[in-house]
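Here is a short walk through one protein model. Keep the view open as you read.

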Amino acid sequence: MALLEIVKYPAPVLLTVGKPVENFDDELKNLVADMFETMYEAGGVGLAAPQVNLSKRLFVMDCSGGEDEAQKIAVVNSEIIYVEGEQNGDEGCLSFPGIYQKIKRNLRAIVRGQDVSGNPLELDGTELTARCVLHETDHCDGIVFLDRMTVLKREFAKRKIKQLQKTGKWE
Ligand SMILES: [Zn+2]
């Protein structure tokens with residue numbers, strides 16, 4: 001296994017729609033293992049392929065932070081098929097280090113996709129799990145959490161990113 005480099009905003013790959021995964025081979029399994037390792041090392045609860053510079057529809061997540069094996073999930077070709085309710089809470093992103101903002105998301109989300117072997121997978125989650133699958137599926141669609149902020153919060157976040165870039169703390 002190997003740690004992968006996490007790309008930061010505004011890397012073009014983060015703003016590009018990911019291509020569907022077609023080959024469920026050892027290469028995919030190795031990539032998913034590396035993505036889990038990279039996510040745990042970085043202290044995140046989710047990591048999508050575009051964040052490691054691969055324009056693919058694929059993400060890994062673990063809302064338990066490594067505490068509960070059942071929550072260690074990889075979703076390939078994810079698609080949100082149902083949402084309901086609303087929650088408003090702090091959100092961060094490994095491609096935006098140091099940026100945290102309140103983001104409105106659905107309270108519940110059902111995601112459909114495939115596991116690393118290509119078997120159909122469906123996940124019905126609420127609260128942090130819903131927030132995570134919505135955030136990571138957005139990455140697969142070339143959408144970053146900045147796009148989900150209110151105009152004021154987005155401007156504030158962009159200013160902070162510029163400051164961090166100037167002081168060399170963003171690269
Ligand atoms: Zn993210």
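This is a predicted model. Start with strand 7, which spans residues 120-126. One face of strand 7 is covered, and L121, L123 and G125 make it up. The other face is uncovered, with P120, E122, D124 and T126.

Now find the partner of strand 7. Strand 6 covers residues 108-114 and runs antiparallel to strand 7. Seven bridges join the two. One residue to locate is R108, whose bridge partner in strand 7 is T126. That same T126 belongs to the uncovered face. Strand 6 and strand 7 form a hairpin, with five residues between the strands. In this hairpin, G118 takes a positive phi near 95°.

Next, look at the empty space. Rolling a probe the size of a water molecule over the atoms shows where such space is left. The largest pocket has a volume of about 360 Å³. Its lining counts 21 residues. Nearest the centre of the largest pocket lie G44, V45, G92, C93 and L94. Which elements each supply at least two residues of this lining? They are strand 4 (87-91) and helix 2 (127-140). Helix 2 gives the largest share, five residues. Sorted by class, the lining of the largest pocket holds ten nonpolar, seven polar and four charged residues.

The second largest pocket comes last. About 190 Å³ of space lies in it. Its lining is made of P20, V21, E22, N23, D25, E27, L28, L31 and K56. By class, that lining has four nonpolar, one polar and four charged residues.

Methods. Residues numbered from 1 in each chain as written. Predicted model: local features only at pLDDT ≥ 70, side-chain atom pairs only at ≥ 80, totals over all residues. Heavy atoms only, no water. Buried < 20%, exposed > 50% of the residue type's maximum accessible area, 1.4 Å probe, protein only. Helix = DSSP H or I, 4+ residues; strand = E, 2+ residues; numbered from the N terminus. Pairing = 2+ DSSP bridges. 1 Å grid on protein atoms, 1.4 Å probe; cavity = no way out; pocket = protein on both sides within 12 Å on 5 of 7 lines; lining within 4 Å. Points joined across faces, edges and corners; volume = space filled by probe spheres on them. Nonpolar A, V, L, I, M, F, W, Y, C, P; charged D, E, K, R; others polar.
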